[in-house]
Amino acid sequence: MAELDTSGGGKHKGGKIRSKKASTRVDLTAMVDLAFLLITFFMYTTTLNKPKAMDLVMPDNSVKTNSLPVAASRSMTIVLGSKNKIEWYMGEPGKTPPTVDGYGKEGIRKALIENAAKVAATHAAPDNTMEVLIHPSDKSNYQNLVAILDEMSITNIHIYAIVKILPMEVDDLKKNGYY
Amino acid sequence: MPRVKVARKSTAIDMTAMCDVAFLLLTFFILTAKPKIDDPSHAEVPPSSNMAPVADQNMMTVSIGQDKLFYSVTEQDVRSEALKAMGTKYGVTFTPEETQRFSLTQVFGVPMKSLKSFLDTPPDQLKNFKQEGIQADTTNNNELFNWIYTSRQAEKALHDKDLQMSIKGDSKEQYPQINLIISCLEKQKLFKFNLITSLKTAPKK
């Protein structure tokens, strides 16, 4: 690869001594090698996946607002238990037995979509959106909370709140072994 | 029959263009590379399908990993102002060198009583300094509450802006700890904040 112009010069037979013409071509192989090595290094070290943020808005508990009563039939309560399990029920606590479910596409997402459709079908037009109450138990972890908030945005549920868990729900989780 | 002569071509290629491209890319990567912030909380954030990127200024972050709380603010001047305010609140005086050191510390998780010794530790031994996390409880006067409060005040005084709050939690962190942070924020009427997550990938097995 390396080229050195060796032409010219020749055998000085009688003629003038000519100075050698140096080639202007430089061997770039080594330089390119180095450049690509550095590129590879920087490509691997830069973090292209920046962390993402999820917005969370908690209800303002400092001012007493006259909140509107919500029909129990439109509310769905999700209780986060341990071992990545969920218990959910519609309406008031204790009236309907909770359903045990898992996270993800086949689990809670399916239930959320089905229930939202059911609420939309059984109620009159302006007030037919489902409201979700999230009750994280002390044994659930941060990943569970993020996962359930993520499900809210995936299933397009705009009205949801994180609320303190009720003692009877804790008892029910204990009974099922998820506390 | 005359033999067909194959013309001999030189194997040397003109590498100028390749070299140009390589260095262009190299420059790009060098300029976009950001030094990775050493996070002592080692929090592994949970995945979510959210796409909103995290702002890289005017942010305060409470990280939590292994039940220890860590705190960071992006602005350096806010950091040193907050330290001064915290010093007067807890009766600790910091030297200008310590304040300087603190303003360069990205993330810390040390209670007030050992903050001075943390700042006096030489940089090469900082890795061995055991950060026990910032103290926090449900009262109105815990250290985490005051850190957040003083830095918000400092930000307001220095830049006349509001700090954006974010929580960076480890996936395995239990809910009561998260609730503790949230209640700290709610007490100062901070109801809107970010949860830092990573983009959803295939579940690790």
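Reader: Which residue of strand 3 of chain B stands opposite B:Val62?
Author: In this predicted model, local features need pLDDT of at least 70, side-chain atom pairs count only at pLDDT 80 or more, and totals for chains, interfaces and linings use all residues. Residues are numbered from 1 along each chain as its sequence is written, while chains are lettered from A and ligands numbered from 1 in the order in which they are written. Strands (E, at least two residues) and helices (H or I, at least four) are DSSP runs, numbered from the N terminus. The partner of B:Val62 in strand 3 of chain B is B:Tyr71.

Reader: Over how many bridges do strand 2 and strand 3 of chain B pair?
Author: Two strands pair if DSSP finds at least two bridges between them. Strand 2 (residues 59-65) and strand 3 of chain B do so in the antiparallel sense, and the number of bridges is six.

Reader: How many of the six residues of strand 3 of chain B are buried?
Author: A residue is buried if 20 or more other C-beta atoms, placed from the backbone, lie within 10 Å of its own, exposed if 12 or fewer, and partly exposed in between. Strand 3 (residues 68-73) of chain B is mostly covered, and its buried residues number five.

Reader: Why does A:Asn156 count as exposed?
Author: A:Asn156 lies in the loop between helix 3 (142-154) and strand 6 (160-162) of chain A. A:Asn156 is exposed because the number of other C-beta atoms within 10 Å is 10.
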